[in-house]
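I opened this notebook to keep track of what I looked up in the structure, entry by entry. I begin with charged pairs and then turn to helix packing and the nonpolar interior.

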Amino acid sequence: MKHSAPQSAKFRKFVRILRPLIDCDLVSIETVAVGILERLWHVTIVSAPQGDIGRIEDEVLAELVGWHGDPSVLITAMVDSGFVDVCSVYRLVIHDWPDHAPGFIKGNLKKHNRAFIEVCQPEIAKPNQTQLNQTQPNSRKPGQQTATQPAEQCAKQTKVHWFELFWSAFPSGRKSGKQASRKVWDVAIRTTPAQTIIDAAVEYAASDVGQGEFVKSPASWLNQGCWDDDREAWRNKRSTQQTFSEKKTSNTLNAVTRFMDTDSQGRQTNGQEKICN
């Protein structure tokens, strides 16, 4: 948090909202407010570096920032004071996060070709403008956005954002066919929430199968609906199935054993040498 933040108008408003909600005799409300906001920035850095803090459920977010009251009260206070913006696509976005994010966050996003999330608020045409468009249907200049275009752009941006999260979560050893995977992804999220698939991909990547040699490609994993798999099927796979290298080593050892158990006439000796007097 910037040193000048506690003197800002929105911080003072945040304090005024919190004051009747918190009974503090030993600590000032300003200190509590600073602590909540600092923890909010930390959560954003770790869990939502692009600023889309709305990906975290309100109950979880409240717990992470140390709020033990009604989560909706805290969210309302942060929105009303201007620290968090309501977004029609991402639900909640940190206000002006591109300006306040630490330098290493900006560098990391740039390195991975990712951008900060922009707040999506579809414009609503004014009555007189609507009447004008009705009387002059061709008055819109070529390339000029209509009121619905921003929402469509945000929806498209959201789809790309979620797919990139899935791609990042998937085991790195089999990240091939990205364009094919994107097409299957678009089909999968029509019937299954994107967050459900991403969470399953994270589990898959951390499982025995996900860290082994029999990892499915992202497109196959999505096409087969593997996010619904029994998680036990992803565990202890190596204990029941030999890898290619293990089979090769086993076959080599068996061949050496057979060679050692065979005498010069090609007969089996069962490991015992014949002693000739």
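Entry 1, charged pairs around Glu30. I looked first at Arg19, which forms a salt bridge with Glu30, the closest N and O atoms being 3.6 Å apart. The pair links distant parts of the chain, since Arg19 sits in the loop between H1 and H2 while Glu30 belongs to helix H2, 11 residues apart. I note here that the model is a predicted one, and I read every distance in these entries with that in mind.

I then checked how open to the surroundings the two partners are. Arg19 is partly exposed, with a relative accessible area of 41%, and Glu30, at 25% relative accessibility, also counts as partly exposed.

Glu30 has another partner, Arg12, and in that salt bridge the closest N and O atoms are 3.3 Å apart. Arg12 lies in helix H1 and Glu30 in helix H2, so this pair ties together parts that are 18 residues apart in sequence. I found Arg12 to be partly exposed, with a relative accessible area of 32%. Taken together, Arg12, Arg19 and Glu30 are linked in a network of salt bridges. For the structure as a whole I recorded 8 salt bridges.

Entry 2, how H1 meets its neighbours. With a charged pair joining H1 to H2, I wanted to know at what angle H1 and H2 pack. The angle is about 110 degrees, with the axes 10 Å apart, and that makes H1 roughly perpendicular to H2. H1 passes H2 in a right-handed crossing. On the H1 side the contact is made by Phe11, Arg12, Phe14, Val15 and Leu18, and on the H2 side by Ile29, Glu30, Ala33, Val34, Ile36 and Leu37; Arg12 and Glu30, the salt-bridge partners, are thus among the residues of this contact.

I looked next at H1 against H4, where the packing angle is about 150 degrees and the axes are 9 Å apart. That makes H1 roughly antiparallel to H4, and the crossing of H1 and H4 is right-handed. Here Lys13, Phe14 and Ile17 in H1 meet Leu74, Ala77, Met78 and Asp80 in H4. Phe14 is listed in the contact of H1 with H2 and in that with H4.

Entry 3, the nonpolar interior. Which residues have the most contacts inside the largest nonpolar core? I noted Phe14, Leu40, Ile53 and Leu61, in a core of 32 residues. The elements that give two or more residues to this core are helix H1 (9-18), helix H2 (29-47), helix H3 (58-64), helix H4 (71-80), strand S2 (91-94) and helix H6 (103-111). H2 gives the most, with 7 residues.

I followed Leu61 further and, setting aside residues up to four places away in sequence, found that it touches Leu40, Val43, Ile53, Ile56, Ile75 and Met78. Apart from this core lies another, of 24 residues, among them Trp185, Ala194, Ala201 and Val215.

Entry 4, Pro71. The place of Pro71 is in helix H4, and at 17% relative accessibility Pro71 counts as buried, because the cut-off for that word is under 20%. Its C-alpha lies 7.9 Å from that of Leu61, the two residues being 10 apart in sequence. Not counting residues up to four places away in sequence, Pro71 touches Asp58, Glu59 and Ala62.

Entry 5, Glu203 and Arg231. I closed with a charged pair elsewhere in the chain, where the side chains of Glu203 and Arg231 meet in a salt bridge (3.1 Å, N to O). This pair too links distant parts of the chain, with Glu203 in helix H10 (residues 194-206) and Arg231 in the loop between helix H11 (218-223) and helix H12 (244-260), 28 residues apart. Glu203 is partly exposed, with a relative accessible area of 36%.

Around Arg231 I also noted that, leaving aside its neighbours within four places in sequence, this residue is in contact with Ala200, Glu203 and Cys226. The C-alpha atoms of Arg231 and Ser207 are separated by 8.5 Å, although the two residues are 24 apart along the chain.

Technical notes: Residues numbered from 1 in each chain as written. Predicted model: local features only at pLDDT ≥ 70, side-chain atom pairs only at ≥ 80, totals over all residues. Heavy atoms only, no water. Core = buried A, V, L, I, M, F, W, Y, C linked by side-chain atoms within 4.5 Å. Buried < 20%, exposed > 50% of the residue type's maximum accessible area, 1.4 Å probe, protein only. Contact = heavy atoms within 4.5 Å. Salt bridge = Lys/Arg side-chain N within 4 Å of Asp/Glu carboxyl O. Axes fitted to C-alpha atoms, helices over the stretch in contact; angles between N-to-C directions. Parallel < 35°, antiparallel > 145°, perpendicular 65-115°, else oblique. Left-handed = near helix turned anticlockwise from the far one by under 90°.
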